[in-house]
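Hi,

Here's the structure I promised to pass on. Have a look at it first, and my notes come straight after.

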Amino acid sequence: MTATTAAPVAAPAVRAGRPPSARLRAWATRAPLMPALVFMIVVTQLPFVATVVISFFDWNALYPKARRFTGLDNYHQVLTDADLRHSVWTTVLLTVAVVLASLVLGLGLALLLDRRFRGRGVVRTLLIAPFLVVPVAAALLWKHILYNPEYGLFNGLLHYVGGPQPDWISRTPLLAVEASLVWQWTPFMMLILLAGLQSRDHEQLEAARVDGASDWQVFRYLTLPHLRRYLELGALLGSIYIVQNFDAVFTLTSGGLGTANLPYTVYQSFYQAHENGLASAAGVLVVIGSIVIATLALRVVSSLFREEVSRA
Amino acid sequence: MSTAAAAGDAGRPKSRTGDGGPERAGRGAGPGGAGRRAGGRRRGGTGLALAAWVAGIVFFLPLAWMALTSFHSEQDAATNPPSFGASLTLDGYREFFGTGGGASPWPALTNSAVASVTSTLLVLLLALPAAYALSIRRVRKWTDVLFFFLSTKMLPAVAGLLPVYLFAKNAGLLDNIWLLVVLYTSMNLPIAVWMMQSFLAEVPVAVVEAARVDGARLPTILARVVAPIALPGIAATALICFIFSWNELLFARVLTGVVAETAPVFLTGFITSQGLFLAKVAAASLVVSLPVLAAGFAAQDKLVQGLSLGAVK
């Protein structure tokens, strides 16, 4: 995907036959852009090309002399490896569950906050706070201070009502990771959806009310269609960040108990198993997977963007 | 009320803030009669406000509990049922800052500060001229360039991890904070270019043209004309970049060791710790999160804009 978007940039922007002074001027206009562009290509595109190349080699870092070209063997191995296939499934499950749950919760909270009431600013600040905790710190908070079976807050509160004292992480490991991520990402969804709600056409809303539309009808036929693109944007941006999640899985379960997602598996296969070729093949597959999401995301962002450009 | 929320209110049409008027009259047109409906609505309003408050408190509770725990002694922190009213102490913080004999977090905090601040400055230095070319001069294919920047943000970082690691190892750059500075710059540059181009679109082209006619060169135009007008936007961009660099764990974990360790990597030392250490973990998590909490609260609305890459205003 990056290659296709890069292509038009790299294409000669100045047509042959123009006088050299025009060409010079075009380059002068473009010059301020070049440092950033070159920097991005060098730092983000070159490593990826290297990853693709390495993925065709059988290369264990502990036996560098045994490095050899193996073609698509790594891909075959990655795609047939049960652990890896499981981590693909885990990644999908984790991403879909967290994005959907935080979208629904975020929508509810945004609707609550889109009304005037006493202390609205305070409530908004309280709700944003989880998103502003450093991800590792948030994961530690959930692991030790909330989930701990002996003295965590959850079991402490359950103790008051005489409830059971479950070991949350070992009993429902994936759900435990998901809950901590939903806590962090709901504020993000809420902020985006709240921005969407506040950009509604208020004259139209009032006209609908004057015509006798009920709250539900206004929500269903005016608010929801208007929010559609904001919901899509939240879902896609959330997916991009959560597909890449490493911190929560690493901290809460260290990839154990079937919670290893793709980024964690890639990290592990080169950090602990030193399998450079395999790690690269898995990395390439992660990229191919995220291209699907990214293409959709780019489409949504560009539709919002076009509207903004045409408005300006 | 925070300034951000107040600004949100200010943007609303006046008719919404006045109570009564056509809105209420319209709603009251149902069979229940105007008076009863309006009364029911007010009660419903109180209920919804209460629901919002409850939701806010529920989401904040884990943080509040963490803050309280950080001021408890280790014995009081590890009780079941929890000791809400236990006496407060700074022992957790003393323990975290290493006066109790453990490793001091100061080198890690300093590294994080260096990496975040330097990479943020670098990002601004690269993004401002780029946004100028894209937004004010409108170079050919400017939308393609913008979307190229955006697409690099969607490339999972983990895919480039191995080559970067191998390069760093061969170049002797492992455990070097400047490697992280470069990587964090590339991580945040797309966001910054997107945000800045939308802020610079508000700079009047005529002002820039006038400066150019007067013979001002690019650095002068950027520093004297563009930057002062776009200052709020530049500040917002800087905040977002700072938060993301400060939070980053994966690259820091793989590419640094004892010398260049950052604050999130320092925190991972608590993952498998045993024994009485809850107050210390709570204190550590709070101290490390403090800069982000402060920056985020200071610019709540800018946060959305940065995270959505400028697509949501």
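Below is what turned up, going from the chains down to single residues.

One thing to keep in mind throughout: this is a predicted model.

**Chain A overall**

Chain A has 15 helices and two strands. How does its radius of gyration sit against that of a compact globule of 312 residues? Chain A comes out at 25 Å, where such a globule would be near 20 Å. Along the principal axes, the C-alpha atoms take up a box of roughly 65 × 60 × 30 Å. Of the 312 residues in chain A, 44% are buried. If you look at contacts in chain A between residues at least 6 apart in sequence, 71% of them link residues that are at least 24 apart.

**Where the chains meet**

On the chain B side, 99 residues touch chain A, and 98 residues of chain A touch back. Which element gives the largest share of the chain B side? That's α4(B), with 15 residues. Sorted by class, the chain B side holds 70 nonpolar, 20 polar and nine charged residues.

A helix pair across the two chains is worth pulling up in your viewer. Helix α3 of chain A (residues 34-54) and helix α9 of chain B (residues 158-170) have axes that come within 8 Å of each other and cross at roughly 85°. The crossing angle falls in the 65 to 115 range, so α3(A) is roughly perpendicular to α9(B). From α3(A), the residues involved are Thr44(A), Pro47(A), Phe48(A), Ala50(A), Thr51(A) and Ile54(A). Facing them in α9(B) are Ala159(B), Gly160(B), Leu162(B), Pro163(B) and Val164(B). By class, this helix contact has eight nonpolar and three polar residues, with no charged ones.

**Domains of chain B**

The domain assignment splits chain B into domain 1 (17-25 + 34-96) and domain 2 (106-307). Taken over C-alpha atoms, the centres of these two domains of chain B are 33 Å apart. As for how they touch, 14 residues of domain 1 of chain B are in contact with 11 residues of domain 2 of chain B. On the domain 1 side, α4 (34-70), α5 (74-77) and α6 (91-96) of chain B each supply at least two residues. Of the elements on that side, α6(B) gives the most, with five residues. The class breakdown for the domain 1 side is six nonpolar, five polar and three charged.

So α4(B) turns up in two places: it supplies residues to the domain 1 side that touches domain 2 of chain B, and it gives the largest share of the chain B side that touches chain A.

**Two backbone spots to check**

Most residues other than glycine have a negative phi. Which residues here go the other way, with a positive phi?

- Leu257(A) is not a glycine, yet its phi is positive at about 55°. Leu257(A) lies in the loop between α13 (247-252) and α14 (262-271) of chain A. Leu257(A) counts as partly exposed because it has 16 C-beta neighbours inside 10 Å.
- Asp175(B) has a phi near 60°, again positive in a residue other than glycine. Asp175(B) is in the loop between α9 and α10 (177-200) of chain B. With 15 other C-beta atoms within 10 Å, Asp175(B) is partly exposed.

That's the lot from me.

Cheers

Conventions:
Residues are numbered from 1 along each chain as its sequence is written. Chains are lettered from A and ligands numbered from 1 in the order in which they are written. This is a predicted model: local features need pLDDT of at least 70, side-chain atom pairs count only at pLDDT 80 or more; totals for chains, interfaces and linings use all residues. Domain bounds come from an automatic or database domain assignment. Two residues are in contact if their C-beta atoms, placed from the backbone, lie within 7 Å. Helices (H or I, at least four residues) and strands (E, at least two) are DSSP runs, numbered from the N terminus. Ala, Val, Leu, Ile, Met, Phe, Trp, Tyr, Cys and Pro count as nonpolar, Asp, Glu, Lys and Arg as charged, and the others, Gly among them, as polar. The radius of gyration is taken over C-alpha atoms; the globule rule is 2.2 Å times the number of residues to the power 0.38. A residue is buried if 20 or more other C-beta atoms lie within 10 Å of its own, exposed if 12 or fewer, and partly exposed in between; C-beta atoms are placed from the backbone. Axes are lines fitted to C-alpha atoms, for helices over the stretch in contact, and angles run from 0 to 180 degrees between N-to-C directions. Angles under 35 degrees count as roughly parallel, over 145 as roughly antiparallel, 65 to 115 as roughly perpendicular and the rest as oblique.
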